[in-house]
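Morning, everyone. Please pull up the model on your screens, and we'll walk through it together.

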Amino acid sequence: MLYPPAAGQAVAPSGVLLLFFRDNKFIGIITMLNTLRHRFNLLFLRIMAPIMPGSTHVAFVGAGSSRQLCGHVASLAPAKVLVVTDKPLRDLGVADQAVAGLVDAGVELAWFDGVLPDPTYEQVDEGLAILRREQCDVLLAIGGGSAMDCAKVIAIRATSDEDPHKWEGLGKVKHEGLPLYAIPTTAGTGSEGTAGAVVKDSETLTKSIMSGNTLLPKATALDASLMQGLPPHITAATGMDALTHAIEAYIGVWERGNRTADARAAIKLVFENLPTAYANGGNIDARESMALAAYYGGMAINQVFVGSVHALAHQVGGKYGIPHGLANALILPHVLEYCREEAEQSLAELALLIGVGEEGETSAQLAHKFIAAVRDLRTTVGIPDHSELLQAEDFDQLAEQAAQECVGYPVPRLLDKAAALDILRKISG
């Protein structure tokens, strides 16, 4: 139908699609196009899965494992290593503790400690300038997801003069970067095990995703001794971030690799250990278990991407500066409710996994129990169910951007603008 109907009139071409005309806009056309794009993307992913290259790397695990990683890097005889981190970690001595093995081995270091939460292209440029001035040939990221993401983009910028904006999107990073290693000091993003990075545009306040196998660190150290001083609120937010990764990988509809086993391991570890790590940060066993949970969650999304929670969290985090893990925690239960029927069987399996249901209960009952358990865990670790930072006048644009981003993810139910708006209202308090 090529002519506009009267305001508010419903039109059903071929008895299939309803379009509503209000304020000179067709409400429904974009949703239809997004649905078609989403179906095409899922088909493409399924066709390409058998021939997509895998990726492997080395993980050193346990208290003191950062020394093992440093020994591994030193054995490669780098000319100079650029350490990418943030100033608080340097001031606290955590970064120096992490690189002690390199210092003892006589490896020359240069430092970029200017990483801030949600790293920007400007921060990447700043780090790249230091790398080139100091003639570094290897990078070591120390910190949370921001430090690791920033280091990843510095590494690929170092070997290409292309505009980095051209790499925004899934699988667009094709070239090799400088060798990168990672020592996470939080248990959340799993960036040490993923071939992706997120960079913020400081002008538009939007987050850009880059991905490609060459962004995967060559090796990592999951050293729980570096995480013992992490404040409870950061422990909580990063732990919920790891949980979100694992859940989104598990309920997604793209069967690839070990995503199921990795996601289940991460989810069980989070439910069993996050409350302890939150209440008693000095518990090394809980810290190590959470480090593993974050790593497993990272590996899971590295195989099958994230989902609707992240599509919304990227917009909320970019606009208001809400930490990524906290944004995920705010949104997660609402997205699970939104796709509960489509993901019912998977959610039921997770309820049994964490022990909040019993065999013999219906899948619907178990799915409800798992979502309730997610809410309860969030409350246990002190995370609220809303944020006063959100502003209603921004919701239309944020919802539109989230719906567009979600098209590229293998979600069980595509997030549309109306659903995104509903969730934004619910978490705005």
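Start at Phe305. This residue follows helix 10, and its phi is positive, near 70 degrees. Keep in mind that we are looking at a predicted model.

Now step back into helix 10 itself. Helix 10 covers residues 284-304, which is 21 residues. From first C-alpha to last, helix 10 reaches 31 Å. The expected value, at 1.5 Å a residue, is 30 Å, and the two are close.

What caps the N-terminal end of helix 10? Asn283 does. A side-chain oxygen of Asn283 lies 3.1 Å from the backbone nitrogen of Asp285.

Let's zoom out to the whole chain. You can count 16 helices and eleven strands. The chain has 429 residues, and 55% of them count as buried. The accessible surface comes to about 18,100 Å². Carbon and sulfur atoms account for 54% of that surface.

How is the chain wired together? Take contacts between residues at least 6 apart in sequence. Of those, 76% join residues at least 24 apart.

Next, charges. How many salt bridges does a search of the whole structure find? The search finds 16. We'll visit three pairs and one network.

Pair one is Lys87 with Asp91. Their closest N and O atoms are 3.1 Å apart. Both residues are in helix 3, residues 87-91. They are four residues apart there, so about one helical turn separates them. Are they buried or exposed? Lys87 is partly exposed, with a relative accessible area of 47%. Asp91 has 56% relative accessibility, so Asp91 counts as exposed.

Pair two is Asp118 with Lys207. Here the closest N and O atoms are 2.9 Å apart. This pair links distant parts of the chain, 89 residues apart. Asp118 sits in the loop between strand 6 (109-112) and helix 6 (121-134). Lys207 is in strand 10, residues 207-211. Is Asp118 buried or exposed? Asp118 is buried, and Lys207 is buried too.

Pair three is Asp396 with Lys417. The closest N and O atoms are 2.9 Å apart. This pair also links distant parts of the chain, with Asp396 in helix 15 (residues 395-406) and Lys417 in helix 16 (residues 417-427). The two residues are 21 apart in sequence. Asp396 is partly exposed, at 44% relative accessibility. Lys417 is partly exposed as well, at 25%.

Then the network. Lys80, Glu108, Arg133 and Glu134 are joined into one network by salt bridges that share partners.

Over to the surface. Which residues form a nonpolar patch there? Met32, Leu33 and Leu36 do. Together they have about 250 Å² of accessible area. Click on Leu33, one of the three. Leu33 is found in helix 1, residues 29-48. Its relative accessibility is 44%, so Leu33 counts as partly exposed.

Now go inside. We have three buried residues to look at.

Find Ser191. This serine is in the loop between strand 8 (180-184) and strand 9 (196-200). Why does Ser191 count as buried? Its relative accessibility is 3%, and the cut-off for buried is under 20%. The side chain of Ser191 makes a polar contact with the side chain of Asp149, at 2.9 Å. Leave aside neighbours within four places in sequence, and Ser191 is in contact with Gly145, Met148, Asp149, Lys152, Gly196 and Pro217.

Next, Val124, in helix 6. Val124 has 0% relative accessibility, so Val124 counts as buried. Look at the partner, Cys150. Along the sequence, Val124 and Cys150 are 26 residues apart. In space, their C-alpha atoms are 5.9 Å apart. What does Val124 touch, not counting residues up to four places away? The list is Cys150, Val153, Ile154 and Arg157.

Last stop, Ser65. Ser65 lies in helix 2, residues 65-74. At 0% relative accessibility, Ser65 counts as buried. Beyond its neighbours within four places in sequence, Ser65 is in contact with Phe60, Ala221, Leu222 and Asp223.

That's the tour. Try this on your own screens: find Asp118 and Lys207, and trace the 89 residues that separate them in the chain. Then find Val124 and Cys150, with 5.9 Å from C-alpha to C-alpha. Thanks for listening.

Conventions: Residues numbered from 1 in each chain as written. Predicted model: local features only at pLDDT ≥ 70, side-chain atom pairs only at ≥ 80, totals over all residues. Heavy atoms only, no water. Expected span 1.5 Å × (residues − 1). Polar contact = N/O pair within 3.5 Å; in protein donor to acceptor, adjacent residues only side chain to side chain. Patch = residues over 30% accessible without salt bridge, like charges linked within 9 Å, V, L, I, M, F, W, Y side chains within 5 Å. Areas by Shrake-Rupley, 256 points an atom, 1.4 Å probe, with all protein chains shown as cover. Salt bridge = Lys/Arg side-chain N within 4 Å of Asp/Glu carboxyl O. Buried < 20%, exposed > 50% of the residue type's maximum accessible area, 1.4 Å probe, protein only. Contact = heavy atoms within 4.5 Å.
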